[in-house]
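Work through the three exercises below with the structure at hand. Try each task before you read its solution.

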Amino acid sequence: MRLHNSYTNRVEEFVPIEENKVKMYVCGPTVYDYAHLGHARCYITWDVLYRYLKFKGYDVTYCRNVTDVDDKILKKAEKEGKTPEEVSQYWYKQFDNSMKALNTLKPDIEPFATKTLGEMISIVKDLVNKGYAYEADGDVYFRVKKFPAYGNLSKQPIDQLESGARIEVGEHKEDPLDFALWKKDEKFGYKSPWGVGRPGWHIECSAMSRKYLGKTIDIHAGGADLIFPHHENEIAQSECANGCKFVNYWLHNGFVTINKEKMSKSLGNFLTIDELLKKYDANTIRFFILTNHYRMPVEFSDEALASAQAGVKRMLNAKRTNIDESLDITKTDEYKQFVEAMDDDLNTSKALAVLFDLTNKANKDEAGAYTVLFKLASALGFCFAKPELSAEELDDAVRYVSEKLGENFETMEELIAYRKKAREEKNWAVADTIRVALDEKGIVLKDSKEGTVWEVK
RNA sequence: GGCGACAUGGCCAAGUGGUAAGGCAGGAGCCUGCAAAGCUCUUAUCCCCCAGUUCGAAUCUGGGUGUCGCCUCCA
């Protein structure tokens, strides 16, 4: 398997540290607001990587943190008269629901920053002792110039970074490039060797990654906007504290754009996952994201989503015949093509082409095609379960059609039998009234030689 | 200004040296009472422009043009 490593800017053969085991860390959300389509792309992308690694037989440990100590959370708490915990707990639940609704797998470990403070303090102490960091009036800063590899990930020459760096009012940095490991905060802070304060954002990931996965990990992933300064700073902290390499493969996903601009909270041009799910289902959103390579920008538009919806529907509605549970799919050509595509730095658009090939074959009753399709598409996180109507909705639909006909029916079966009879008598008006009325209730009737079936639109 | 990426049919998008995958939309046909779904066929002599390397380039090199991102919180 080959993956693009942002550190070397090359596609490299993936070799895990420990044979057959993968330790992956993904920078998780700061929980203070709704997650939007940009987050969905990120977490769906890495969900697919997680699923695919498992599909390949790796024993994967996936850790994704929750940042629950942060300026924005505190601001929100103050504004709403709540505690920071109340705010972060509420928004974590929202986030968790969104992730579930998108059919992403829960990471094996989902640590909260506030529960990992001990590890953070220990790393900061270590950095101070080793001379990589210094305390200044209750703050602790990292000495960037002590770490010669600084800028390697973002490919930023240090002098360029220097020209952009500033010292904010109230900060006591030795150098504008230095960044905070710990910040004095007497109101919301925690006890530390440097007084009451709270951790800087970057140290949180270094600490949680080390605590749960170890000093050197296989994969660290996140949005491309985290490359600088977040991931650059993580490398500096972790490698100076641990004296060894931090991450073997740095993976970054591209952005979702809207009107050719990055979708982001600060620009305010975002669509929340909740809003989106009212219009499109999880499979559609996943398909939309996977049609593009994960490193490329993806332009959001309703047209693109509608196209994705039509495409994914075709795939998931493939004819379910000739299901062969005993089939060894790894022997099939399509499996080989699928794996070849996915092994090539997650070429999901190519992998989807294989799935459409299988869809066509299944629709033509080719033996085993549906079985292979089902297993491969499931490996990408597509869900084949058809939407269902509740008993109430079904009753409502039957009642609605009954009223239209001026008859009294109790069940769908009765309706379909009645329509069958009408069709045999060439009473098209009645037959079409039933079909149109059901359609209005979200039920589609499909006539074929074998009879009529109904399904949810 | 520094750094990084991208430009392929109406739309989305693979392909990165050997003659343009796939999806959506459109057209024709089959099936159907009509639909829906499905099936078959069909839609780029050409891949932003110019020059070069090569037997051969969308794919490599150089130069343009355009778009986006990072350099501040950000997935």
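**Exercise 1.** Which residues of helix α14 are buried, and where on the helix do they lie?

*Solution.* This is a predicted model. Step 1: list the residues of α14 with under 20% relative accessible area. They are Ala-397, Val-398, Val-401, Ser-402 and Leu-405. Step 2: look down the axis of α14. The buried residues fall within an arc of 135°, so they line one face of the helix. Step 3: recall the geometry. An α-helix has 3.6 residues a turn, so residues three or four places apart point the same way. Step 4: turn to the face away from the buried side. It carries the exposed residues Glu-392 and Glu-403.

**Exercise 2.** Compare the reach of α14 with the span expected at 1.5 Å a residue.

*Solution.* Step 1: α14 covers residues 391–405, which makes 15 residues. Step 2: from its first C-alpha to its last, α14 reaches 21 Å. Step 3: the expected span is 21 Å, and the helix comes close to that.

**Exercise 3.** Describe how the protein surrounds RNA strand B.

*Solution.* Step 1: find the neighbours. There are 56 residues around the strand, and Trp-201, Gly-223, Leu-226, Met-263 and Arg-435 come nearest. Sugar and phosphate make up 68% of the strand's atoms within 4 Å of the protein. Step 2: sort the residues of this surface. They divide into 17 nonpolar, 23 polar and 16 charged. Helix α12 (residues 348–363) gives the largest share, six residues. Step 3: pick out polar contacts. An N or O atom in the side chain of His-39 is 2.8 Å from a phosphate oxygen of RNA strand B. A polar backbone atom of Asp-447 is 2.9 Å from a base nitrogen of the strand.

Conventions:
Residues are numbered from 1 along each chain as its sequence is written. Chains are lettered from A and ligands numbered from 1 in the order in which they are written. This is a predicted model: local features need pLDDT of at least 70, side-chain atom pairs count only at pLDDT 80 or more; totals for chains, interfaces and linings use all residues. Side-chain values use heavy atoms; hydrogens and water are left out. A residue is near a molecule or strand if one of its heavy atoms lies within 4 Å of it. A polar contact is a pair of N or O atoms within 3.5 Å; within protein, one must be able to donate a hydrogen and the other to accept it, and residues adjacent in sequence count only if both atoms are side-chain atoms. Helices (H or I, at least four residues) and strands (E, at least two) are DSSP runs, numbered from the N terminus. Ala, Val, Leu, Ile, Met, Phe, Trp, Tyr, Cys and Pro count as nonpolar, Asp, Glu, Lys and Arg as charged, and the others, Gly among them, as polar. The expected span of a helix is 1.5 Å times one less than its number of residues. Buried means under 20% relative accessible area, exposed over 50%, partly exposed in between (1.4 Å probe, protein chains only). The arc is that of the directions from the helix axis to the C-beta atoms.
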